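Me: I'd love a close look at one part of this protein, with the neighbouring pieces explained as you go. Here is what I have in front of me.

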Amino acid sequence: MSCKVRLMEDGSLDEEPLTLKEIAYQKLCNNLDIISGYTESGQRTLNAGIVLTNEICDAFLENYQRFHRPLDDRVINLFSDTRRTSLKIVNLRYSTLSSLGLETLMRHKLFALSMWYCDKITVNSHHLLAHYGDSLRSLELGISSHLLQNAEPNEKEPVDFQLTCPHLRRLVLNGVVMHHRLQFAHLQDLSHLDLTSCVLANFSLEALVMLPNLHTLILFNVWPIANQLHAICCLRRLCTLDISISSSGNGHGTYDLPDQTLEMLMDNLRYLTHLDISGTNLAGNGVATKESTNTNTKTEQHFGPTDIPGLASRTQRPLQFLGLYHTAHWACKRHDIPALEVAGDANEQQILTAARYYHDRPVLLTRVLNDLYHLFRFENCKDIHTALDVVLCAMDRHLKFKHMQISGSATLFYIVKGRDRSKFGTLLRNHIIRTLLNGMEMHLTDDTMLRNGYLTLTQFHMPVDVLFEYERLIKILLHGVSKTEQEGFVQRIAIYLLNTLACQVDGRQKLFLGELGVVSTMLTLIKDRLTRSVFDDVMEVAWSTMWNVTDETAINCKRFLDGRGMEYFLKCLNTFPDRDELLRNMMGLLGNVAEVKWLRPKLMTQEFIEVFARLLDSLSDGIEVSYNAAGVLAHIASDGADAWTIKSPTRQHVLERMVAAIQRWNIKSERNINYRSFEPILSLVRCYETPQCQHWAVWALANLTQVYPDKYCQLVEQENGIQILTELIEHESPYCEIKRIARLVIEQCDLGMERMVEG
């Protein structure tokens, strides 16, 4: 378990910050050119004169994977020179290394090797153990590490190998078909043996009897095992025994005489402190059987009461740990259980205990996370920081298990939902978001995973909380928008998040949105709905998203025009004429396009100008549509009479209609618009050749500074607006109404400055 999540003194949840050493490794992992270059074949190679100690090498491999970078043969080649590098403890997870890379590592005479989800390693590499296994003290071959087994899951033919690692103290095998000739007697130092999901076939556990130091035996999901119990009973020094089963289907985990069987194990294994019988019926039904009534009565009188008959001898000497998860007859819900710590599903403590103990059993762990999900959804969880820790740990360790990612993300939603965002420290918040994105990225085609992830992300503050993973999130959102069911929930929430991000980011990130195809994706959604004559919130938000990504971003405006955007604008206008929000979003977008001087000629067609002029009289959404139509026309007209290349309507006629519209607007109108800069408007204030353009510009400034003085007065000041307006007032060309409105802006800004000084 990671145990990274901490409950702080102020009640907040966070993780411990990186140490200075960890920060140094992070920088090194992100900048390998500091210590290495490339060979002609593309392999990393240490620069001349650099020697790395064992401590640095081991920590480098650990941190390289920790910071989510792929560990492959190219990077592992850094350790090809055993005179300048030294490895002792290697833990590989989701590495794509090949047999060649593995040999590079094992030539270091490793002390410990652990491999999980390293599916490029095949049984053809098992000879490496014979060549380099002499130094190994710990060997762990987890899921999808096929060094000693066939990769085909239905292949039950054992690989004929011997463990030529005479000094092993800890051995973990997962899913290996055990050959009957496999020897263990020479592993005299072996103390920990984990055979999870291994197939015993003709292999007998009697091979373990001659191991004097064996104190831990894990036989999780090994079945049948009833015929091996007598051999287990001979392992008298065992302190930990796990004979649990993940599923009791097909009779797995069902013993004929459960009470007597468990009692037999207890009588022979007197040093046991940890026992796991989850998924089995070994806890009995809580009632003494007829065959053992007399014995149990005497035992109870001697030892004390227990609701698990087979553990009667442990009532005065309780086990430190007892696994009862999904046992028959709900044993974990019984009252008198002779154990200090119980893994089960009866309550919060048992569920969290199960999650901690079963962190490397993904199928079982998924069920535990489901229990935790129901606990958060329908009841109450007190130990939030432990729950959050086990969920994050499970999702991080087992990225490829889709159902675990789904269960984990659903639980994260309920953990995060409704809690004060400030109670999550930055490091923890980043960890939650990164874990969600990892799961969504891995299972991008699963709508349930995307739904859970998107919903959880909505609980965070956008875009501030996600800027550190902005690019990756955008790619995942674009997939949700374009590759999921049309008008489905996943598509709707994805486009909502995408629009939220597009609305509140800077120019560099808007450029990135355009480069990833946001504009073309939105246009595709709009085209689809026009084809089907369907108006929905997705279409409305698609136009809003393009409005946001084109703001002061000329190349995205060009992408809109090149993608037949004006054609779709006219079709939407004609197909859905009464949709106020749609019209507002479309005209806001065209306002951005009109601000780009070199794109304005594309708007100079009779059809477009007539539409813009007609919209001057629109009452849709207050003044928004009329205002934006006037803004578009003002920018087009600012290019001068020579740029007006159409005969009808005439430039003068359009300008007169624009002024008439401006005079109808209420200067105190509240707005549904957001300006980050007044540069385009101030450029029109300087347009002395066409005073009508100045009229629109000064009205816009007056309205915004009157209604939102705290925000926009300061922006006028910052962008030299007062001086520009003063020059306009002193100039002879603008007519009186323009100068009157300009004075209003200056007066309002002066009042704003006074308020700031007084404040």
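Which strand does strand 7 pair with over four bridges in the parallel sense, along with strand 8 (residues 170–173) or otherwise, and how is the strand placed?

Reply: Happy to walk through this with you; please keep in mind that the model is predicted. Strand 7 pairs with strand 8, which spans residues 170–173, and the two run in the parallel sense, joined by four bridges. Within that pairing, E140 has V172 of strand 8 as its bridge partner.

Strand 7 also pairs with strand 6 (residues 112–116), again in the parallel sense and over four bridges. Here S138 of strand 7 stands opposite A112. The link between these two strands is worth tracing too: strand 6, helix 5 (residues 127–132) and strand 7 form a β-α-β unit that is right-handed.

Now for the side chains. In a regular strand, they alternate between the two faces of the sheet. Strand 7 covers residues 138–141, with S138 and E140 on one side and L139 and L141 on the other. Both faces are covered, as these four residues are all buried. That makes E140 a buried residue as well as the bridge partner of V172, while S138, likewise buried, is the residue opposite A112.

So to picture the part as a whole, place strand 7 with strand 6 paired to it and strand 8 paired to it as well, then let helix 5 complete the right-handed unit with strands 6 and 7.

Terms used. Residues numbered from 1 in each chain as written. Predicted model: local features only at pLDDT ≥ 70, side-chain atom pairs only at ≥ 80, totals over all residues. Heavy atoms only, no water. Buried < 20%, exposed > 50% of the residue type's maximum accessible area, 1.4 Å probe, protein only. Pairing = 2+ DSSP bridges. Right-handed = clockwise from strand over helix to strand, strands pointing away.
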